[in-house]
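Here is a short set of questions and answers about how certain descriptive terms apply to a model. Each answer sets a value against its definition.

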Amino acid sequence: KDILPGLHSNTQIPKIIGSARQYELTGNSKDERIAEFFWTTMVNHHSYANGGNSSGEYLSTPDKLNDRLTHSTCETCNTYNMLRLTKMLYQTSADVHYMDYYERALYNHILSTINPVQGGFVYFTPMR
């Protein structure tokens, strides 16, 4: 069940990274299922085309992003943490669909936020 609407995105992602890590250490399949379900839900129902997610740091109605095209979409650290989770899931499964998302989010969100001259980065990537 998707319980993410209304929750702070980057509070949830590290929790799930913890579940993925627990799976790596213990082999507990429940932790694996938690991480996989969360990842699938975020990527397929709460993410923009560039791989980022959230508006104003919060998640909203799944599959309805058009009314959340604001100046505060796609917090960079959310995507960074989703990349961390994606890497962990790929390393335990070798399923290429994880790398499809990784490539999309890395090139279209993370790298697009970095100033190549001064090295600074953008906190939000406005999607409006």
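Q: Why is Asn 50 called buried or exposed, whichever applies, and what is its relative accessible area?
A: In this predicted model, Asn 50 has a relative accessible area of 8%, and because buried means under 20%, Asn 50 is called buried.

Q: Where does Asn 50 lie, and what is it in contact with beyond its neighbours within four places in sequence?
A: Asn 50 belongs to the loop between helix 2 and helix 3, and, with those neighbours left aside, its contacts include Cys 74, Arg 104, Asn 108, His 109 and Met 127.

Q: What makes the approach of the Asn 50 side chain to the backbone nitrogen of Gly 52 a polar contact?
A: The side chain of Asn 50 reaches that nitrogen of Gly 52 at 2.9 Å, and a polar contact requires a pair of N or O atoms within 3.5 Å, so the distance satisfies the cut-off.

Q: How do you know that the span of helix 2 is close to the expected one?
A: Helix 2, residues 29–45, has 17 residues and reaches 23 Å from its first C-alpha to its last, close to the 24 Å expected at 1.5 Å a residue.

Q: Which residues have the most contacts inside the largest nonpolar core, and which elements give two or more residues to it?
A: This core has 20 residues, and those with the most contacts inside it are Phe 38, Trp 39, Met 42, Met 82, Leu 85 and Tyr 101; helix 1, helix 2, helix 3 and helix 4 each give two or more residues.

Note on methods: Residues numbered from 1 in each chain as written. Predicted model: local features only at pLDDT ≥ 70, side-chain atom pairs only at ≥ 80, totals over all residues. Heavy atoms only, no water. Helix = DSSP H or I, 4+ residues; strand = E, 2+ residues; numbered from the N terminus. Expected span 1.5 Å × (residues − 1). Buried < 20%, exposed > 50% of the residue type's maximum accessible area, 1.4 Å probe, protein only. Polar contact = N/O pair within 3.5 Å; in protein donor to acceptor, adjacent residues only side chain to side chain. Contact = heavy atoms within 4.5 Å. Core = buried A, V, L, I, M, F, W, Y, C linked by side-chain atoms within 4.5 Å.
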